[in-house]
Amino acid sequence: MRVKVDTVANSKTFPEQADVVIIGGGIIGTSICYELAQRGVSVALFEKGCIGGEQSSRNWGWVRQQNRDLFELPLAMYSLQRWETLSQEIGIDLGFRRTGILYGTTRESDMAKWEAWGKKAQEKGFSSQLLSASEAQERIGGASPWIGGVWSPTDGQADPSKAAPAIATGAQNSGANIQQQCAVRGLDISGGKVSGVWTEKGLVKASTVICCGGAWSSRLCRRHGIELPAANILGTAFKTTVAEEIVKGCLSTPNLALRRRLDGSYTVSMPGRGRMDLAPQNLRYAAKFYPMYRSKLAKKLKIRLNSSFFDGPEAAGSWSFDGLSPFEKHRVLDPIPDGEILQLAIAEIEREFTALKGIKVESSWAGWIDTTPDLVPVISPVSHLPGFVVASGFSGHGFGIGPGAGRLAAEMVTNDNTFTELAPYRLERFSDGSTIRQPEMM
């Protein structure tokens with residue numbers, strides 16, 4: 001694998017049944033598992049590869065409230081509080097620290113958008129500081145003529161290589177059963193309701209199943225006639241060599257996203273740049289993605305046709321529950337990083353920050369980001385299949401808001417009062433005639 005992730009030991013016994021089964025061991029699946037275990041619910045989590053092995057260890061590591069879709073902001077605000085308490089609760093360092101997030105821009109349109117967003121965010125209880133041109137220049141430096149920015153001091157970062165494994169270990173210590181290298185091939189359905197899952201090691205009975213499969217969720221749902229509109233976007237990021245400190249936390253500019261790491265290096269990516277491989281799934285849902293495709297958010301995407309059309313998360317085809325499934329063929333998605341993005345990013349860093357001349361790529365990676373048409377996740381029961389819940393489509397935001405999504409989903413399946421409304425995350429918004437919103441923020 002191109003990323004390193006902390007290891008988690010499998011539970012010693014294989015479960016025959018549980019109250020709740022979770023499919024997928026990324027940040028969402030582990031967060032839900034932890035919250036349910038803390039509530040005393042019998043829960044088993046199945047991961048086809050290793051905990052945190054796909055996008056949950058390949059993201060930027062940002063934990064932010066600033067510039068969230070306003071529907072997501074309550075999840076983000078709660079998640080920041082939860083990130084701060086989890087390390088102490090679990091007894092394992094997740095790498096979380098409130099180092100702040102700084103945005104700078106050379107575009108008047110960004111300033112207008114941030115100002116309008118900030119006023120609405122204040123109504124929900126979140127405040128950040130809009131920066132003047134001189135304030136942005138003082139904070140960022142660099143070669144660009146910054147016209148302004150925004151600073152959110154309460155935002156922060158965590159370590160993607162540590163977070164999901166630590167949360168999974170915390171869930172396990174609270175009674176959850178964790179099984180890796182064990183794919184869920186599909187759902188067991190009796191009398192029109194979910195009654196368990198078929199894994200590669202056999203049937204596990206459960207009255208509630210939560211699908212947190214990330215890039216794989218939509219394909220598993222289609223196997224059971226459930227439409228989950230999703231397209232997977234390939235994102236590339238890299239770790240630099242150790243270099244001078246130009247920012248203590250996270251910095252976003254129109255062309256760069258940087259996170260200062262504890263060892264003195266940076267995690268770097270280029271906002272909006274990525275690749276979409278044409279495949280039956282994204283073609284199936286192309287009409288629903290039209291508002292996103294026509295927005296400026298998608299203008300930096302490369303579109304390619306390659307072998308993934310026939311194989312992988314977005315391919316077509318079915319499979320039996322007693323034979324090899326697509327999930328076992330691809331234990332961990334480990335795509336090749338985009339070399340062009342690496343070259344462009346290094347050139348942009350050296351152009352912008354003279355202090356970083358000579359900086360190099362130490363290691364690089366890529367990951368598939370499961371994306372919905374409005375860039376807002378699905379956290380929802382499936383109305384025509386009682387007992388089945390989807391928590392997927394986090395559109396690159398899942399790492400930061402994972403703890404909040406974990407609580408929300410746990411409250412939903414245990415019939416508790418939810419800390420924020422569920423309506424924005426309902427699956428049916430893509431099929432009940434509602435207008436699909438054009439994405440507001442990344």
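The bend at a residue is the angle between axes fitted to the seven residues ending there and the seven starting there. With that in hand, we can look at helix α11, which has a kink of about 40° centred on Gly-404. Helices here are DSSP runs of H or I with at least four residues, strands are runs of E with at least two, and both are numbered from the N terminus.

A word on the source: this is a predicted model, in which local features need pLDDT of at least 70, side-chain atom pairs count only at pLDDT 80 or more, and totals for chains, interfaces and linings use all residues. Residues are numbered from 1 along each chain as its sequence is written, and side-chain values use heavy atoms, with hydrogens and water left out.

**Two kinked helices**

Helix α11 covers residues 398–413, and its end C-alpha atoms are only 19 Å apart, short of the 22 Å that a straight helix would reach. The expected span is 1.5 Å times one less than the number of residues. Helix α2 also has a kink, of about 30°, and this one is centred on Glu-84. Its 25 Å from first C-alpha to last is close to the expected 26 Å. The table sets the two side by side.

| Helix | Residues | End-to-end C-alpha distance | Expected span | Kink |
|---|---|---|---|---|
| α2 | 73–90 (18 residues) | 25 Å | 26 Å | about 30° at Glu-84 |
| α11 | 398–413 (16 residues) | 19 Å | 22 Å | about 40° at Gly-404 |

Helix α11 is mostly covered, with 14 of its 16 residues buried. Buried means under 20% relative accessible area, exposed means over 50%, and partly exposed lies in between (1.4 Å probe, protein chains only). In α2 the buried residues include Leu-73, Met-77, Leu-80, Trp-83 and Ile-90. Each helix is followed by a residue with positive phi: Gly-91 after α2, near 85°, and Asn-415 just after α11, about 60°.

**Buried residues in a loop and a helix**

The loop between β2 (43–46) and β3 (62–63) holds Glu-54, and Gly-52 is in the loop between β2 and β3 as well. Glu-54 counts as buried because its relative accessible area is 17%. Its side chain reaches the backbone nitrogen of Leu-333 at 2.8 Å. Glu-54 also touches residues farther off in sequence, among them Lys-48, Trp-216 and His-330; contact means heavy atoms within 4.5 Å.

Gly-52 is buried because its relative accessibility is 2%. Leaving aside neighbours within four places in sequence, Gly-52 is in contact with Val-5, Gly-25, Ser-57 and Ala-164.

Over in helix α5 (residues 163–173) sits Gly-170, which is buried because its relative accessibility is 3%. Not counting residues up to four places away in sequence, Gly-170 touches Tyr-34 and Ile-90. That Ile-90 is one of the buried residues of α2.

**How the domains meet**

The chain is divided into domain 1 (17–99 + 156–230 + 315–349 + 373–430) and domain 2 (101–153), with bounds from an automatic or database domain assignment. Their C-alpha centres lie 32 Å apart. The contact takes 13 residues from domain 1 and 14 residues from domain 2.

About 1300 Å² is buried between the domains, and carbon and sulfur atoms give 65% of it. Buried area is the accessible area (1.4 Å probe) that two parts lose on being put together, summed over both. In domain 1, Gln-66, Asn-67 and Leu-70 lose the most area to domain 2, together 48% of what that side buries.

Methods:
Polar contact = N/O pair within 3.5 Å; in protein donor to acceptor, adjacent residues only side chain to side chain.
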